[in-house]
Amino acid sequence: MVLDGCATIMGPQDSVMPIRTDRDMRRWCRALLAAVAVAALWIGDLRSQPAADLLLVGGLVHDGSGQPPARQDVAVAGGRISFVGDAAAAGLDAAVVVDVDGLMVTPGFIDMHSHAELTEDYGRDALPFLHQGITTVAIGVDGGGTPDIAELFAGLEGRIGVNAFAYAGHGEIRERVIGSDDRAPTAAELNEMRALVRQAMDEGAFGLSTGLFYVPGYYATTGEVIALARVAAAFDGIYDTHDRDLGASYRGVGYLSSIREAIRIGEEAGTRVIFSHFNAQGAANYGRAPDGARLIEEARARGVEVAAAQHVYTATQSSLAAYAIPRWASNGGREEMLERFRDPETVRRLDVETMEMLAIRGGADKLLFADPRPELNGRTLAAVATEWELPVPAAVRRILTAGNAAVMNLDLYDIENTRYLARQSWMMTCTDGRTPSPAQNVTHPRVFGAFTRKLRQFVLDERIVTMPFAIRSMTGLAADFLHLDDRGYLREGAVADIAVFDPDRIRDRATYDRPRQVSEGTVHVLVNGRFAIRDGAATGALAGRPIRRPTRTGEIVPDL
Ligand SMILES: [Zn+2]
């Protein structure tokens with residue numbers, strides 16, 4: 001306390017402290033600080049007090065910059081990285097010394113698009129993520145995030161296994177103000193929506209997310225999103241998009257037009273843009289990743305900061321309604337949709353359109369349920385319809401009448417597209433994974449293995465990208481994009497989010513049949529300087545924290 005006070009008084013604000021007693025105070029403080037420093041040296045020498053809490057000795061350090069790794073020791077003190085280098089040469093000692101010879105030491109991974117269920121009892125520990133080396137996750141994505149960030153963060157503080165940063169969701173905000181109606185907001189409603197974005201940004205959100213593919217985001221015009229993103233822009237916010245049409249949308253705007261729309265939103269609003277899970281969907285778009293990537297390159301060349309994230313699976317996961325019910329049928333919300341299911345004429349139209357929608361996705365046998373309902377979990381839509389002796393669209397409506405269902409869409413992505421995208425300098429990494437509830441035996445394996453699979457398949461087995469490049473896509477690149485100054489790199493002063501891997505053993509184990517298997521080869525994981533995983537086993541520590549958007553000095557936010 002005394003030292004803090006002294007440091008403040010001796011700070012650069014000296015010139016604005018003209019009172020004579022302050023000058024005396026400063027002189028006194030200098031003398032005290034000098035005395036304390038001498039005493040500390042003397043005591044340190046006498047008792048050989050460890051200079052650090054933890055020392056990781058002899059690991060191959062990837063610092064997150066994409067540079068080749070180097071054999072270095074890493075020390076942690078007070079939750080931060082206090083030293084990177086040769087500890088023996090520096091005479092550095094620590095309370096705990098861990099030999100990591102032969103292992104790979106990296107910054108903790110940043111998952112740029114997750115559905116980690118951090119507010120659920122079964123999801124708080126975030127173990128599927130930690131076992132991949134992930135120490136920070138993005139939440140509030142796809143337009144679904146609450147704008148009540150302060151309330152959200154109060155519930156997370158001290159109770160989560162990974163760090164989390166949040167976006168305010170356009171869909172959530174729209175729903176709150178005008179419901180699920182397919183119409184434009186009035187001027188007053190738009191102002192109300194803008195005020196909610198502002199509140200979220202004030203409370204620490206990193207930006208605005210949209211799910212323009214989903215209801216109700218689908219009902220918004222580009223202009224509406226620009227108007228809201230401008231509020232985020234005033235706070236150095238990000239525009240995070242699940243864009244309108246990834247290529248498999250029914251009567252959508254098309255894969256490339258959708259990319260253009262998201263770039264335009266960022267460009268006109270003045271935000272950075274991240275495509276949540278960038279890829280081209282559907283067999284019609286196999287091989288078309290370079291076309292989409294070119295639009296991003298062109299935007300970057302004219303100064304728009306556009307980036308993206310990916311995982312390497314070829315299946316997606318979303319909801320049955322999103323995949324099989326046209327958006328006009330969801331207008332007004334769930335009750336109105338169910339009413340339409342009871343109208344014979346509407347049902348005739350739905351019978352046709354549901355089949356057309358499923359055809360774009362590869363058919364009913366490509367939809368595999370991840371839903372907790374036992375009659376659905378682990379089975380395809382085709383198999384369920386056959387068992388029920390119902391035509392597929394009727395089976396869809398029967399399922400939805402009892403509630404929307406979680407479903408995977410197998411083979412929606414082309415692995416060649418994915419390989420191409422992995423090589424782009426602006427491509428980060430995400431799980432897009434939703435923590436399964438205890439009843440979800442079958443769920444998307446990406447929640448357990450997206451990061452480790454990218455390292456195993458794309459780096460070690462296929463050599464699509466180098467290890468430093470892949471690790472950068474999971475660490476430094478993300479931190480730079482987020483303007484997070486003290487995470488994402490393994491360097492002195494950074495927060496001690498650290499992962500240690502055995503490069504020979506690193507692999508994902510989760511499969512579509514048996515997804516609930518944590519990754520292998522993750523030896524240690526530190527979150528904010530505490531072991532979350534040690535010697536391959538979870539410690540049970542809930543060391544994560546909500547991360548508020550860093551505020552820039554001199555930030556001036558215009559009135560709405
Ligand atoms: Zn999404």
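Here is a short chat about two packed helices and a small sheet in this predicted model.

Reader: Why is α13 called roughly perpendicular to α15?

Author: Helix α13 (residues 344-360) and helix α15 (residues 392-401) pack at an angle of about 95°, and their axes are 9 Å apart. Angles of 65 to 115 degrees count as roughly perpendicular, so α13 is roughly perpendicular to α15.

Reader: OK, and which residues in α13 and α15 meet?

Author: From α13 you have L350, D351, T354, M355 and L358, and they meet V392, P393 and V396 of α15. Sorted by class, that contact has six nonpolar residues, one polar and one charged. Asp counts as charged, so D351 is the charged one.

Reader: Now the sheet. What makes β6 and β8 stand at the edges?

Author: The sheet is open, with three strands in the order β6-β7-β8 and parallel pairing. β6 (109-111) and β8 (163-166) each have a single partner strand, so one side of each has no neighbour in the sheet. From one strand to the next, the twist averages 20°.

Reader: How do you know that β7 and β8 pair?

Author: Pairing takes at least two bridges between two strands. Strand β7 (residues 134-139) and β8 have four bridges, in the parallel sense, so they pass that cut-off. Take A138: its bridge partner in β8 is F165.

Reader: And why are both faces of β8 called covered?

Author: Look at the two sides: N163 and F165 are on one, A164 and A166 on the other, and all are buried. Buried takes 20 or more other C-beta atoms within 10 Å of a residue's own, so these residues all reach that count.

Terms used:
Residues are numbered from 1 along each chain as its sequence is written. This is a predicted model: local features need pLDDT of at least 70, side-chain atom pairs count only at pLDDT 80 or more; totals for chains, interfaces and linings use all residues. Axes are lines fitted to C-alpha atoms, for helices over the stretch in contact, and angles run from 0 to 180 degrees between N-to-C directions. Angles under 35 degrees count as roughly parallel, over 145 as roughly antiparallel, 65 to 115 as roughly perpendicular and the rest as oblique. Two residues are in contact if their C-beta atoms, placed from the backbone, lie within 7 Å. A residue is buried if 20 or more other C-beta atoms lie within 10 Å of its own, exposed if 12 or fewer, and partly exposed in between; C-beta atoms are placed from the backbone.
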